[in-house]
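Student: I'm new to this one and would like a close look at a single part of it. Could you put it up on the screen so that we can go through it together?

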Amino acid sequence: MSSEPETSGGTGGVDETDDRTLTTLGGAGDTAEVPLKVSGLEKHFGGITAVDGVEFEIDKGSMTGLIGPNGAGKSTTFNCITGTHKPDGGRVEFNGQDITGLEPYQVADRGLVRTFQIARELGEMTVLENMMVAPKHQRGEALWRSVLPYARNSVNQQEQEILERAWETLEFFDIDHLANEYAENLSGGQRKLLELARALLTDPQMLLLDEPFAGVNPSLEERLLEHIHELRDQGYTFLIVEHDMDLIMENCEKVIVMHQGRILTEGTPEDVRNNEDVIEAYLGGEV
Ligand SMILES: Nc1ncnc2c1ncn2[C@@H]1O[C@H](COP(=O)(O)OP(=O)(O)OP(=O)(O)O)[C@@H](O)[C@H]1O
């Protein structure tokens with residue numbers, strides 16, 4: 001499926017047995033036991049009801065898969081949660097705060113972060129440069145500070161901190177050997193690793209991944225999964241939209257199934273796999 005060169009997924013001389021953790025990133029922080037609560041969520045596009053009263057809760061430190069046939073409303077649900085779309089009804093709560101209808105940056109600021117494909121213009125920057133433009137709260141962005149000598153030091157110090165974190169994160173994802181490579185030259189899987197690495201620099205507590213394995217070759221897919229599991233073990237919470245059903249079934253402890261804008265069912269992979277309505281929704285396809 002992918003034309004990704006196998007060699008591109010190499011570890012760059014990194015010791016596979018090294019159990020590094022992202023110490024300078026500070027982990028997932030203090031998250032509520034049920035960080036994300038979605039209730040009565042609705043979104044209409046003209047006459048189309050894309051999301052129709054969606055409700056679910058996501059537990060801290062869990063990995064949940066959101067699946068459903070094409071057009072089920074998964075992406076729209078993601079967009080309503082992360083602020084890309086304003087919902088027409090319902091409520092989104094994160095860590096006990098009402099975040100319904102907030103702007104994407106406000107949602108991200110609260111620790112709920114969605115991974116994004118590396119934009120075209122970022123492709124013309126190196127991997128390390130991509131990392132340096134990811135973090136929020138960059139004091140360097142406040143222009144007035146640069147005219148003050150003390151502030152200049154503050155910026156430099158912060159840049160140094162960001163640089164350290166960027167390197168540590170690249171090492172964690174085994175892509176530090178690609179630091180000086182242009183992002184547009186990365187393989188599909190390496191890009192996904194970079195997208196996740198960039199998201200982590202924004203201090204998230206919960207990550208929403210939209211098709212993280214699309215276009216990723218099997219060896220990199222395995223590595224990406226390992227990293228996601230490691231991060232989950234460190235307390236990060238994941239909600240994943242993915243078309244590869246087997247991947248979701250094997251890696252998520254909970255699966256939520258959407259169909260025609262609604263939640264069809266939710267449960268363990270085993271429950272969902274054997275659910276007649278789910279099989280029906282996929283038009284008799286193999287689940
Ligand atoms: N911006 C939009 N304008 C109009 N209709 C839209 C828009 N976005 C989504 N829709 C419609 O809303 C419905 C749900 O779409 P959505 O993309 O959320 O489904 P999905 O489950 O993510 O599908 P897929 O698996 O194919 O990506 C579909 O009927 C789609 O055509």
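Student: How many helices and strands does the protein chain have? And from there, could you zoom in on strand β8 (residues 237-241) and show me what surrounds it?

Tutor: Sure, let's start wide and then close in. This is a predicted model, so local features are used only where pLDDT is at least 70 and side-chain atom pairs only at pLDDT 80 or more, while totals for chains, interfaces and linings take in all residues. Residue numbers start from 1 along each chain as its sequence is written.

The protein chain has ten helices and ten strands. Those are DSSP runs numbered from the N terminus: helices are H or I with at least four residues, strands are E with at least two. Of the chain's 287 residues, 38% are buried. Buried here means that 20 or more other C-beta atoms lie within 10 Å of a residue's own, exposed means 12 or fewer, and partly exposed is in between, with C-beta atoms placed from the backbone.

Now for β8. All the way along, five of its five residues are buried, so the rest of the structure largely encloses this strand. In a regular strand, side chains alternate between the two faces of the sheet. Both faces of β8 are covered: T237, L239 and V241 are buried on one side, and F238 and I240 on the other.

Who sits alongside? Strand β3 (residues 63-67) runs parallel to β8 and is joined to it by four bridges. One spot to find on screen is M63, which stands opposite F238 in β8. Strand β7 (residues 206-210) is parallel to β8 too, with five bridges between them. There, D210 has V241 in β8 as its bridge partner. Strands count as paired when DSSP finds at least two bridges between them.

Two β8 residues come up again in the largest nonpolar core. That core has 62 residues, and F238 and I240 are among those that touch the most other members, together with I175, A197 and L207. A nonpolar core is a set of buried Ala, Val, Leu, Ile, Met, Phe, Trp, Tyr and Cys residues joined through C-beta atoms within 7 Å. Helix α6 (residues 188-200) gives the most to the core, six residues. Leaving out residues up to four places away in sequence, I240 touches M63, G65, L66, L209, P212, I248 and C252. Touching, or being in contact, means that the two C-beta atoms, placed from the backbone, lie within 7 Å.

Let's step back to the domains. The chain is divided into domain 1 (32-111 + 204-281) and domain 2 (119-203), with bounds from an automatic or database domain assignment. Their centres are 27 Å apart, taken over C-alpha atoms. Where they meet, domain 1 puts in 14 residues and domain 2 puts in twelve. On the domain 1 side, α2 (104-109) and α7 (218-233) are the elements giving two or more residues, and α7 gives the most, with five. The core we just visited draws at least three residues from each of the two domains.

For a second enclosed element, try α1 (74-82). Seven of its nine residues are buried, so α1 is also largely enclosed by the rest of the structure. Those seven are K74, T76, T77, N79, C80, I81 and T82. Just after α1, G83 takes a positive phi of about 90 degrees. Helix α1 also gives the most to the shell around the ligand, with three residues. The shell's members include F45, I48, G73, K74, S75 and T76, each with its C-beta atom, placed from the backbone, within 6 Å of the ligand.

For contrast, look at N274, in the loop between α9 (269-273) and α10 (276-281). With 12 other C-beta atoms within 10 Å, N274 is exposed, whereas the residues of β8 are buried on both faces.
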